[in-house]
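Here is a model to work through in questions and answers. Look it over, then read on.

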Amino acid sequence: MGSIQISPSILSADFARLAAEVNAVPSADWIHVDVMDNHFVPNLTLGLPVVESLVKASPRPLDCHLMIEEPDRWAPGFAEAGAGSVTFHVEAAAAPIRLARAIRTAGARAGMALKPATPIEPYEDLLSELDMVLLMTVEPGFGGQRFLDVVLPKIRRTRDMIDRHGGVVWLQIDGGVSAETIERCAAAGADVFVAGSAVYGAQDPDAAVQALREQAESAAARVA
Ligand code: DX5
Ligand code: ZN
């Protein structure tokens, strides 16, 4: 397992003050940017022009989570814009291997996301093409939803699969991650944690990042 990383989601930040919001979490490893197109998910957020500006404004690399149709067409552009990591949904990708290679060629880490009901098993052979697997623990589309415990066995199976595979693939969890749920995810083998409302809804967002990291680190250490 890689070291624990925290990626605050600006979906729960103030969109009118994004530069200040990305600078409010200096303890974060990444800034998670949720791109939604109102087709793959029933919500609309931001696109490439905003990401291009955020790349310049953010002291941390951007972790772009694309909840969009036709990622084969659009995802490499986010890598070219300077995102450090670009994650597409496998449910929407026409050619996930070609797409992961295009993202890496454009200079970003390639991530593949799965909705809660999408099984990981058919994609085991794709691990060598990926830098990260993102398992959604809510239905994608909105922040502030309840964590789906039903995904925990899939987190464990994905961790086992990654360990068997032997390469370094990060395992990211997104949705309902909070002080109440992060320990379960870390114990199941996740190492990168997205948190929206638990960070930007907190009185002190950076203190929330530090507290989540400490909880995840001790939960991971207990099972190691
Ligand atoms: C939901 C997004 C998440 C969202 C998480 O579709 O992918 O990144 O911001 O928000 P919380 O942490 O509040 O569940
Ligand atoms: Zn996300």
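Q: What share of the contacts in the protein with a separation of 6 or more comes from residues 24 or more positions apart?
A: This is a predicted model. Contacts in the protein with a separation of 6 or more form the base of the count. Residues 24 or more positions apart account for a share of 64%.

Q: How many helices and how many strands does the protein have, and what is its radius of gyration?
A: The protein has 8 helices and 8 strands. For 224 residues the globule rule gives 17 Å, and the value here is close to that, so the protein is as compact as a globular protein of that length. The radius of gyration itself is 16 Å.

Q: What does the C-alpha trace span along its principal axes?
A: The spans are taken along the principal axes of the protein. They come to about 40 × 40 × 30 Å.

Q: What percentage of the residues is buried?
A: A residue counts as buried under 20% relative accessible area. The protein has 224 residues. Of these, the buried ones make up 54%.

Q: Which percentage of the accessible surface belongs to carbon and sulfur atoms?
A: The accessible surface of the protein is about 9,400 Å². The part that belongs to carbon and sulfur atoms is 51%.

Q: How far apart do the centres of the positive and negative side chains lie?
A: The protein has 18 positive side chains and 29 negative ones. Each set has its centre. The two centres lie apart by 3 Å.

Q: How many salt bridges does the count give?
A: Side chains of opposite charge can pair when their charged atoms come close. The cut-off for a salt bridge is 4 Å, nitrogen to carboxyl oxygen. By this rule the count is 11.

Q: Which parts of the chain does the salt bridge between glutamate 121 and arginine 157 link?
A: The closest N and O atoms of glutamate 121 and arginine 157 are 2.7 Å apart. The two residues are 36 residues apart, in distant parts of the chain. Glutamate 121 is in the loop between strand S5 and strand S6, and arginine 157 is in helix H5.

Q: Why are glutamate 121 and arginine 157 classed as they are, buried, partly exposed or exposed?
A: The class in between runs from 20% to 50% relative accessible area. Glutamate 121 has 37%. Arginine 157 has 38%. Because these values fall in that range, glutamate 121 and arginine 157 are partly exposed.

Q: Which helix holds the arginine that pairs with aspartate 149?
A: Aspartate 149 meets arginine 184 in a salt bridge of 2.6 Å, N to O. Aspartate 149 lies in the loop between S6 and H5, so the pair ties together parts that are 35 residues apart in sequence. Arginine 184 lies in helix H6.

Q: Is arginine 73, which meets glutamate 70 in a salt bridge, buried or exposed?
A: The N to O distance in this salt bridge is 3.8 Å. Glutamate 70 has 44% relative accessibility and counts as partly exposed. Arginine 73 has 55%, and the cut-off is over 50%. Arginine 73 therefore counts as exposed.

Q: Which residues are linked in a network of salt bridges?
A: This network joins an arginine to aspartates. Its members are Arg159, Asp163 and Asp191.

Q: Is valine 199 buried or exposed, and what does it contact?
A: Valine 199 is found in helix H7. Its relative accessibility is 0%, so it counts as buried. Beyond its neighbours within four places in sequence, valine 199 is in contact with Pro8, Val25, Pro205, Ala208, Val209 and Leu212.

Notes
Residues are numbered from 1 along each chain as its sequence is written. Chains are lettered from A and ligands numbered from 1 in the order in which they are written. This is a predicted model: local features need pLDDT of at least 70, side-chain atom pairs count only at pLDDT 80 or more; totals for chains, interfaces and linings use all residues. Side-chain values use heavy atoms; hydrogens and water are left out. A salt bridge is a side-chain nitrogen of Lys or Arg within 4 Å of a carboxyl oxygen of Asp or Glu. Buried means under 20% relative accessible area, exposed over 50%, partly exposed in between (1.4 Å probe, protein chains only). Helices (H or I, at least four residues) and strands (E, at least two) are DSSP runs, numbered from the N terminus. The radius of gyration is taken over C-alpha atoms; the globule rule is 2.2 Å times the number of residues to the power 0.38. Contact means heavy atoms within 4.5 Å. Accessible areas come from the Shrake-Rupley method with a 1.4 Å probe; for residues, only the protein chains shown count as cover. Lys and Arg count as positive and Asp and Glu as negative; His and the chain ends are not counted. The place of a charge is taken as NZ of Lys, CZ of Arg, CG of Asp or CD of Glu.
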